[in-house]
Number of protein chains: 4
Amino acid sequence: MKHTDVETLFADNIKTTDLSEKQQKVLQASLTLFAQKGYENTSTLDIAHLAGVSEGTVFKHFKTKDGLLQAILNPFMHDIFPRVAGEFIDALHESIFDSFESFIRYVVKDRMTYAMDNRQEMKIFIQEMVKNPAIMTTLTNRLSKLIQGGVDTLFHEYKEKGELVDWDSMRIIRMASGVIVGYLIPNVIMSETPLDIDKTTDEVCEFLLDGLKPRD
Amino acid sequence: MKHTDVETLFADNIKTTDLSEKQQKVLQASLTLFAQKGYENTSTLDIAHLAGVSEGTVFKHFKTKDGLLQAILNPFMHDIFPRVAGEFIDALHESIFDSFESFIRYVVKDRMTYAMDNRQEMKIFIQEMVKNPAIMTTLTNRLSKLIQGGVDTLFHEYKEKGELVDWDSMRIIRMASGVIVGYLIPNVIMSETPLDIDKTTDEVCEFLLDGLKPRD
Amino acid sequence: MKHTDVETLFADNIKTTDLSEKQQKVLQASLTLFAQKGYENTSTLDIAHLAGVSEGTVFKHFKTKDGLLQAILNPFMHDIFPRVAGEFIDALHESIFDSFESFIRYVVKDRMTYAMDNRQEMKIFIQEMVKNPAIMTTLTNRLSKLIQGGVDTLFHEYKEKGELVDWDSMRIIRMASGVIVGYLIPNVIMSETPLDIDKTTDEVCEFLLDGLKPRD
Amino acid sequence: MKHTDVETLFADNIKTTDLSEKQQKVLQASLTLFAQKGYENTSTLDIAHLAGVSEGTVFKHFKTKDGLLQAILNPFMHDIFPRVAGEFIDALHESIFDSFESFIRYVVKDRMTYAMDNRQEMKIFIQEMVKNPAIMTTLTNRLSKLIQGGVDTLFHEYKEKGELVDWDSMRIIRMASGVIVGYLIPNVIMSETPLDIDKTTDEVCEFLLDGLKPRD
DNA sequence: AATGAATGAGCATTCATTCAT
DNA sequence: CATGAATGAATGCTCATTCAT
């Protein structure tokens, strides 16, 4: 029930476009600095220094500073997010969750682990979303359609079995993701706190399960 | 059951420090632009233009660009947030909520209204939090202490009456605010959507009430 | 054998142009700050603050910042310097110096005292001279003519009496003032050192007297 | 009896730090303009224009405007002044001056030539000294120690031979440099006058020799 | 006369980007 | 491919000066 690691996909992505060793260093430095100080407060010279390359090298492959940002975010937007989402849904259908509880427990833990494993990228993503709401709109639409399509039939089963409240799937997802997001964001941003994923999962699930229990 | 409007408090604050008409325009323009384009992407010339003043005027009172940011955020951090929280708690004790449901409904609606009424300030706040996690840590601590102190006894009543699950107050608050925040943030950031507060309140409350119902 | 004090002349000058109390404070503050930090590094706001007046007041009487500088330097250039020089020469003729030695001793002490009593003004003067050589040229010409005219006959006497070398008067003056100036400038600029005038006078005179003794 | 030319040392210094052609132009332009109009009255745009480079280039190597000033003055303070002083003293000991007169004549001419050859740098130095007396204090201490150490024994010889007054070496140096400085400064500052070094040397020396002759 | 808010030109400095080597 | 010197537009900020009150 393991999903392809984001780092692996990311590395794949890099190899695909045939990135030289120095260019990889540049990308890595950008990732670190954008997450640490924000996009606008990171100069291309900062990146060059941290990557141990010259100023010109920063632009050789990625053309512009924005190109560097896109090189970090695009895989998330157009490739990794959907792919992970797809794999996630596939996993849902392949595995037989004996109950809605085991399902929700898997989902929560999986997404939390994912987010915490990729804090830096997430942080940059959040920063960009806040500045550019269009990203959020796009992403919300993309993901919700994808998830809804894959989850609808599954939810139907659980509703029939009397384990899930008979709400619109989107409403359920919005609620669930609201709880998860509200819980996660502070931990992503305040990266000092490590977060006990198992304990948090327990807490969140106990709450979610009752909130999403069928009404009497 | 009305709470002092933030705009009123803000205006008070401005009058207190005796801000000239032009300086108010400067502050207003900063608010608008910081929220729209982000702090770093707003130049002091942009602010001057929108405020209809000269660039020198921008610096006359607020000294630096950061001073302008603080003039916007400080009232939230040090004055308005706590005051609103205080008033909110007072309101809780003065009013007799006949049930946990009417209580939770008031809270959710009140906080949502507050947030939506001050979208711009919230947006800037969120941006700064993402960049500077220390703000979040401070704020979280300040508010949670304040709220917990005021809410603990109230929760005790509801727990006794069997209307509220017997969890630690902090856990309940974290859950509830997680749902509200997870719901609100997208709407604050994507400010085009107006958001139907009554409908959203209903949705959120229905979910929360079951999630926080005592366990059988 | 006392010469009119510069401060008195300065005060006279101020009263003549009918300067209000605040304007005098402005002038005094300018004097202090120009001497301390230099003309260009002193802002009109600095002056206003030190004088305890508003920004506008600084310009009310003196029109421009340069006007303030001129108000400080002009009395030296066009009034005080020549007047002092005149008085000095008058004093020379009135008093009967029994020897060239008593004459030179008087001159050296008198000029040194004058310079040290007006360090601030001197310092500003020096700064302006360095930046604007024209001032120096003008001043040099003005003073040398004045002094030469008044001193020539006197020198003639001493030369006849065999107490002074038979050089051109200008050459003598240039030498003497060279020694004095070379000795004074460091002390004017490094205003922390108080300088023992009597001892310095002795040293300088002993040296000067032999340097200006008639050749065998 | 030739001392290493300052320009050569300066050029060495530049080559050592590997300054590009444009950067040398920047330095040269700064030298010219600082001397001409003073540090504060020279804008970095002025420098860029005179150097024929862009404004960014001015900051590429020297980082700040002050860095440019230091790049001009530091060689004088920390390198060239002491080195020249050292070479000067070496020269004194190597060469055998048959008399105090030939010695003093060499010194006066040498120092005058040096000063007039480096008028621009000297002028900037003087400006900075006037503004920042600490520089003068430091320099005075550094040089006097250096010179005294090297000159003491030499003076002893001349005193024994009855060619030099029996004063403390420092007093002699202060007097002599006072005359030279008093003579030079006007000529350094009013750079239009070319100054006849040979004639001036004669005048100064004649005066100095008698002033420093042993007392009867 | 005095005030201080307002002005706008000017300044040092930064930084993404280009290009010759 | 990599380098780093050069670029020039943009930026935050200062400051002498004006003017309505």
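By what turn, and with what RMSD, can chain C be laid on chain D? In this predicted model, where local features need pLDDT of at least 70, side-chain atom pairs count only at pLDDT 80 or more and totals for chains, interfaces and linings use all residues, residues are numbered from 1 along each chain as its sequence is written. Chains are lettered from A and ligands numbered from 1 in the order in which they are written, and side-chain values use heavy atoms, with hydrogens and water left out.

A turn of 179 degrees with a shift of 0.1 Å along the axis lays chain C on chain D with an RMSD of 0.3 Å (least-squares superposition on the C-alpha atoms of residues with pLDDT of at least 70 in both copies). This is how a two-fold axis relates two copies. Among the residues of chain C, C:Gly211 comes closest to the rotation axis, with its C-alpha at 2.0 Å.

Turning to the DNA, 30 residues surround strand F (a residue is near a strand if one of its heavy atoms lies within 4 Å of it). Those that come nearest are A:Thr57, B:Lys65, C:Thr44, C:Phe59 and D:Thr57. The surface near strand F comprises four nonpolar, 18 polar and eight charged residues; here Ala, Val, Leu, Ile, Met, Phe, Trp, Tyr, Cys and Pro count as nonpolar, Asp, Glu, Lys and Arg as charged, and the others, Gly among them, as polar. Sugar or phosphate accounts for 59% of the strand F atoms within 4 Å of the protein, and bases for the rest. At C:Thr44, a polar backbone atom is 2.6 Å from a phosphate oxygen of strand F. Polar side-chain atoms of D:Ser20 and D:Lys22 each lie 3.0 Å from a phosphate oxygen of this strand.

Aromatic residues also deserve a look. Over all chains there are 26 aromatic pairs (rings of Phe, Tyr and Trp, the last by its six-membered ring, with centres within 6.5 Å; planes under 30 degrees apart are stacked, over 60 edge-to-face and the rest tilted). The pair D:Phe100 and D:Phe103 is tilted, because the ring centres are 6.0 Å apart and the planes stand at 35 degrees. Both D:Phe100 and D:Phe103 are buried (under 20% relative accessible area, with a 1.4 Å probe and protein chains only; exposed is over 50% and partly exposed in between). In chain A, one aromatic cluster is formed by A:Phe100, A:Phe103, A:Phe155 and A:Tyr158.

Definitions and conventions: Polar contact = N/O pair within 3.5 Å; in protein donor to acceptor, adjacent residues only side chain to side chain.
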